Amino acid sequence: MTHVCFDLDGTLCNSTTLGFESTNAALEANGKAAITLEDYEACTRYDTITRFGVHLNTLNGGSGPTSDPEIMSEALRIGGEFERQYTSLVSPSTAPFFPSALSRLRELNASERLSSSTVTMSILTNAKQEYAVKVLQVNDCSSLFSSVHGADSAGVSKPNPGGLNLIMSENNVTPETTIFVGDSLSDGEAGINSNCRTIGCSWGAGKGLEESGFFTEGVVHSVDELFDKLETLIESKS
C-alpha cells in the first residue's frame, strides 16, 4: 500500500485570492491596516491564529510569531472572524483546484484501484477541518480522500508531525509507504519530522523549497509533473 497525503491550499486548491482578501477584510473590520500579498503568502505556512499573530505583531513593529498575550488574544478573536468568513465564502469559483489536479487525482484513484497497487489519499492542512471538508465538497471530490484533517482536528499544526502521524494511524500505513506533498517549508518539515517521503510544489506559497533539504523526492513545477512523479514512485513500490 502507498498513502499520499496532500496539503490543500497552494498545493491542490488555488485559494490565494480568497484567503488574502478575507484576511484583509478581517483586519480592516477591526481597525487594522491591510497587509500585502507578499506578507500573506509568507505566513501561509502557519495555522490561522499563529498567522494573525504574525500579522498583528508586524503591524505593531515586530516580526515573526509572538507569544505576547495581548497580541495573541486579539489574533484569536480576529482569526476566528476570518475563519468564519473564509469558510462561508468557499465555492467552486473562490476555491477551485488547480488546472488538471482534479482529473489527475481521479485518474490516480481509478488506475490504482484496477492494479495490484493500493493507493489511499488524504488531506492535511493548517486551516480548519471544516474549511477543508467544504473545499472538497464544492469540488466534488470528497470520496477520493480517506482522511481529512485541519490543525484543529489534528490538535497540532505543521511542522509538528502529529497531524501526519494521526493520518498514518487512521489509514494503517507506515512512514516508509507514505508520501507527503505540499507547497511550504512547514509541509516539508512536517514530513521529515514524521519520517515520510516528501515532494514540494513550487506553484503555491513555497519559496526556498529546493534549498531547504526538506523534500526528499525533489520539488516539482507543475501539477502534471507532480502526478507523473507520484505514479513513478507508486510503481516502483509495487
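Helix α4 covers residues 69-88, where helices are DSSP runs of H or I with at least four residues and strands are runs of E with at least two, both numbered from the N terminus. Its 20 residues, at 1.5 Å a residue, should span 28 Å, the expected span being 1.5 Å times one less than the number of residues; the end C-alpha atoms of α4 are 29 Å apart, which agrees. This is a predicted model, in which local features need pLDDT of at least 70 and side-chain atom pairs count only at pLDDT 80 or more, while totals for chains, interfaces and linings use all residues. Residues are numbered from 1 along each chain as its sequence is written, and side-chain values use heavy atoms, with hydrogens and water left out.

At the N-terminal end of α4, Asp-68 acts as a cap, with a side-chain oxygen 2.9 Å from the backbone nitrogen of Glu-70. Along the helix, the buried residues are Ile-71, Ala-75, Ile-78, Gly-79, Gly-80, Phe-82, Glu-83, Tyr-86 and Thr-87; buried means under 20% relative accessible area, exposed means over 50%, and partly exposed lies in between, with a 1.4 Å probe and protein chains only. These buried residues of α4 pack against α1 (16-29), α3 (48-59) and α6 (129-138), and contact here means heavy atoms within 4.5 Å.

One of these partners, α1, holds Ser-22, which counts as buried because its relative accessibility is 3%. Leaving aside neighbours within four places in sequence, Ser-22 is in contact with Phe-82, Gln-85, Tyr-86 and Leu-89.

Another partner is α6. Two packed helices are described by the angle between their axes and the distance between the axes. For α4 and α6 the angle is about 10 degrees and the axes are 9 Å apart, where axes are lines fitted to C-alpha atoms, for helices over the stretch in contact, and angles run from 0 to 180 degrees between N-to-C directions. That makes α4 roughly parallel to α6, since angles under 35 degrees count as roughly parallel, over 145 as roughly antiparallel, 65 to 115 as roughly perpendicular and the rest as oblique. The contact is made by Tyr-86, Thr-87 and Ser-88 of α4 together with Glu-130, Tyr-131 and Lys-134 of α6.

Beyond α6, in the loop that leads to β3 (147-149), lies Asp-140. Although Asp-140 is not a glycine, its phi is positive, at about 55 degrees, and with a relative accessible area of 63% Asp-140 is exposed. Further along, a cis peptide bond with omega of about 20 degrees joins Lys-158 and Pro-159, and Pro-159 is placed in the loop between α7 (151-154) and α8.

The loop between α8 (162-171) and β4 (178-182) contains Val-173, and Asn-172 is also found between α8 and β4. Is each of these residues buried or exposed? Asn-172 is exposed, with a relative accessible area of 72%, whereas Val-173 counts as buried at 11% relative accessibility. Asn-172 has a positive phi near 55 degrees, in a residue other than glycine. The C-alpha atom of Val-173 is separated by 6.9 Å from that of His-3, although the two residues are 170 residues apart along the chain.

Finally, helix α9 (residues 185-193) has Ser-186, Asp-187, Gly-188, Ala-190 and Gly-191 as buried residues, and what covers them includes α8, β4 and β5 (197-201). Just after α9, Asn-195 takes a positive phi of about 65 degrees.

Conventions: A polar contact is a pair of N or O atoms within 3.5 Å; within protein, one must be able to donate a hydrogen and the other to accept it, and residues adjacent in sequence count only if both atoms are side-chain atoms.
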